[in-house]
Amino acid sequence: ICVIRQCDMAETVYYSDFDVNLRMNPVTKDVIKKTNIQAIRQALKLLLMTSYYDRKFAPDIGTALRDLLFKQLDDFTLYSVSEQLKKSIGAYEPRIHIDELTCTVSEINRFQVEIKITYTILAIGKTDTYVYSINRIR
């Protein structure tokens, strides 16, 4: 018996990057690649996790999210952080256009800030949402 299966067309790769965890493909023994949406999400996560002066020869790349852990979480602070994030992402992630970026205090944990970024990937035209949370221990 022969079964013919219709295969989906291979996805066109517009953006690719290696996995920052350096995980290995068990078959090819090569570093796993992130492509398109996954590559953009990884780049956004790295940008949000990077503080200013973390990168030795590029001290202006990053965000001030760690400073948020030590500030009063009022509406003005959250608004100013969201504006700063828009500037930083706009400057260092040219592959996307930010449609909406919000910073809110979690309803469950008042020491957790949720950052929700809705963006359009320019080459593909797809819209995606990335949510990043930052917690304060006390």
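## Salt bridges, core and surface: worked exercises

The side chains of arginine 23 and aspartate 19 meet in a salt bridge at 2.6 Å, N to O; the term stands for a side-chain nitrogen of Lys or Arg within 4 Å of a carboxyl oxygen of Asp or Glu. Before we start: this is a predicted model, where local features need pLDDT of at least 70 and side-chain atom pairs count only at pLDDT 80 or more, while totals for chains, interfaces and linings use all residues. Residues are numbered from 1 along each chain as its sequence is written, and side-chain values use heavy atoms, leaving out hydrogens and water.

**Exercise 1.** Work out whether aspartate 19 is buried or exposed.

*Solution.* Step one: get the cut-offs. Buried is under 20% relative accessible area, exposed is over 50%, and partly exposed is in between (1.4 Å probe, protein chains only). Step two: aspartate 19 has 2% relative accessibility, so it counts as buried. Step three: try its partner. Arginine 23 sits at 44%, so this one counts as partly exposed.

**Exercise 2.** Find out how lysine 86 and glutamate 83 are placed in helix H3.

*Solution.* Start with the pair itself: their side chains meet in a salt bridge (3.4 Å, N to O). Now look along helix H3 (helices are DSSP runs of H or I with at least four residues, strands are runs of E with at least two, both numbered from the N terminus). The two residues are three apart there, so about one helical turn separates them. Finally, check the surface: lysine 86 is partly exposed at 34%, and glutamate 83 is partly exposed too, at 29%.

**Exercise 3.** Say which element supplies the largest share of the largest nonpolar core.

*Solution.* First, the term: such a core is a set of buried Ala, Val, Leu, Ile, Met, Phe, Trp, Tyr and Cys residues joined through side-chain atoms within 4.5 Å. The largest one here has 26 residues, and Val113 is one of those with the most contacts inside it. Next, list the suppliers: helices H1, H2 and H3 and strands E3, E4 and E5 each bring at least two residues. The largest share, five residues, comes from E4.

Now zoom in on valine 113. Leaving aside neighbours within four places in sequence, its contacts (heavy atoms within 4.5 Å) include Leu68, Cys103 and Tyr132.

**Exercise 4.** Decide whether leucine 22 is buried or exposed.

*Solution.* Locate leucine 22 first: look in the loop between strand E1 (16–18) and strand E2 (33–35). Then read its relative accessibility, 55%, which means leucine 22 counts as exposed.
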